[in-house]
Amino acid sequence: MMTEGLSQSTQQNAAEQPQIQQEQKKHRRAVQGDEPAVLCDIYEDDANIAIWHRDLSDSLQRQVSDFIAAYPTFQTSMTVSPQSAHASVQEALKSAAYSELSASIAELVDMFCCLFELKRVGLRLTVLSQAMCPRFHVDKVPCRLVTTFQGIATEWLPHSHVDRSQLGAIGKIDSESGLYANAKDIQQLTAGDVALLKGELWEGNESAGLVHRSPAVNDGDMRLLLTLDFIN
């Protein structure tokens, strides 16, 4: 019976091996550019992050800074459509003084819905004084838009630099888990960047979702983070 059990175990391991090898062979890359059209490249099979390096106007940066100073604990979540986004966000921001910020967010909602043929999205806007998701992880979503309007921005790892077997290693911090070999492997967005993070639920992207985390926030610093998600 023991021999039979060992035989079954060996057969199972042999059956799992091709799948493991196939996952390891997956190639994923980042696509980046200075124009919003680069976001369309998220549809490329081998892309798991698309980054639009967007410059925020001085007036928008001032509005964001004023907003964070006025509402340092602000957070809101809502479901919006391209048609309702501007009014809904402006109402949540509690003042027409932040109209440029409202318009910028509404523009991103419209782009996200157009790109993925969505009628509505889940929107979350949060002022953060600490890391929201401090450990590297993948998202169980098809794709998520993230942008930081002010402050330190999202950190991520290139697919080829990740040992995915160490994701969520219990009892170890990221730097000691073996998830990545060197701190230089860690990439980071900058404030203003708009990124599409391909998740585990994108068809064909299983075991290749972008590995990322929230950055540590220094004492006294604040972030304004926007995320957009698919709505079922």
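Let me begin with a term: a residue is called buried when its relative accessible area is under 20%, and by that cut-off Phe-112, at 1% relative accessibility, counts as buried. Please keep in mind throughout that we are looking at a predicted model, so I will start with the confidence and then turn to the interior.

The chain averages a pLDDT of 88, and 89% of the residues score at least 70. The stretch I would set aside is residues 1-23, where pLDDT stays under 50 and for which the model has 2 contacts beyond four places in sequence.

Now to the interior. The largest nonpolar core holds 43 residues, and those with the most contacts inside it are Leu-101, Phe-116, Leu-123, Phe-149, Leu-196, Leu-224 and Leu-228. Which helix gives the most to this core? That is helix H4, residues 99-116, which contributes 9 residues. There is also a second, separate core of 9 residues, and Ile-51, Val-146, Leu-197 and Leu-210 are included in it.

If we take Leu-224 and leave aside its neighbours within four places in sequence, we find it in contact with a list of residues that includes Val-64, Phe-67, Ile-68, Leu-101, Leu-125 and Phe-149. The same list also has polar names in it, among them Thr-126, Thr-147, Thr-148 and Gln-150.

Two residues with hydroxyl side chains deserve a moment here. Ser-104 lies in helix H4, and with a relative accessibility of 7% Ser-104 counts as buried; not counting residues up to four places away in sequence, Ser-104 touches Arg-54, Leu-60 and Phe-149. Thr-227, for its part, has its place in strand S10, which runs over residues 223-230, and is buried with a relative accessible area of 3%. With the same exclusion of sequence neighbours, Thr-227 touches Gly-122, Leu-123 and Arg-124, and also Arg-144, Leu-145 and Val-146.

Let me move on to the aromatic rings, where the count comes to 10 pairs. One of them joins Phe-67 and Tyr-71, whose ring centres are 5.2 Å apart and whose planes meet at 40 degrees, so this pair is classed as tilted. Within that pair, Phe-67 is buried at 0% relative accessible area, whereas Tyr-71, at 23%, counts as partly exposed.

The rings of Phe-112 and Phe-230 have their centres 5.7 Å apart, with the planes at 80 degrees, and this pair is therefore edge-to-face. How many residues apart are Phe-112 and Phe-230? They are 118 residues apart, with Phe-112 in helix H4 and Phe-230 in strand S10, so that the pair, as classified edge-to-face from its 80 degrees, links distant parts of the chain. Phe-230 is partly exposed, at 26% relative accessibility. Both rings belong to a cluster in which ring pairs link Tyr-43, Phe-112, Phe-116, Trp-202 and Phe-230.

Charged side chains also meet the aromatic rings. Lys-198 lies over the face of Trp-202, at 4.5 Å from the ring centre, and Trp-202 is itself a member of the cluster I have just described. Arg-54, which we met as a contact of Ser-104, lies over the face of Trp-52, at 5.8 Å from the ring centre.

What about the cysteines? The count comes to 0 disulfides. For Cys-114, the closest cysteine sulfur is that of Cys-40, at 8.1 Å, and since a disulfide needs the sulfur atoms within 2.5 Å, this distance is too far for a bond. Cys-114 counts as exposed, at 60% relative accessibility, while Cys-143 is buried at 0%.

I will finish with the backbone. Most residues other than glycine have a negative phi. Against that background, Lys-94 has a positive phi of about 75 degrees although it is not a glycine, and Lys-94 is found in the loop between helix H3, residues 85-93, and H4. Glu-117 also has a positive value, with phi near 55 degrees, and Glu-117 is found in the loop between H4 and strand S4, residues 121-128. Is each of these residues buried or exposed? Lys-94 is exposed, with a relative accessible area of 55%, and Glu-117 is exposed as well, at 74%.

Terms used:
Residues are numbered from 1 along each chain as its sequence is written. Side-chain values use heavy atoms; hydrogens and water are left out. A nonpolar core is a set of buried Ala, Val, Leu, Ile, Met, Phe, Trp, Tyr and Cys residues joined through side-chain atoms within 4.5 Å. Buried means under 20% relative accessible area, exposed over 50%, partly exposed in between (1.4 Å probe, protein chains only). Helices (H or I, at least four residues) and strands (E, at least two) are DSSP runs, numbered from the N terminus. Contact means heavy atoms within 4.5 Å. pLDDT is the predictor's confidence in each residue, from 0 to 100. Rings of Phe, Tyr and Trp (its six-membered ring) pair if their centres lie within 6.5 Å; planes under 30 degrees apart count as stacked, over 60 as edge-to-face and the rest as tilted. A charge sits over a ring if NZ of Lys or CZ of Arg is within 6 Å of the ring centre and within 35 degrees of the ring normal.
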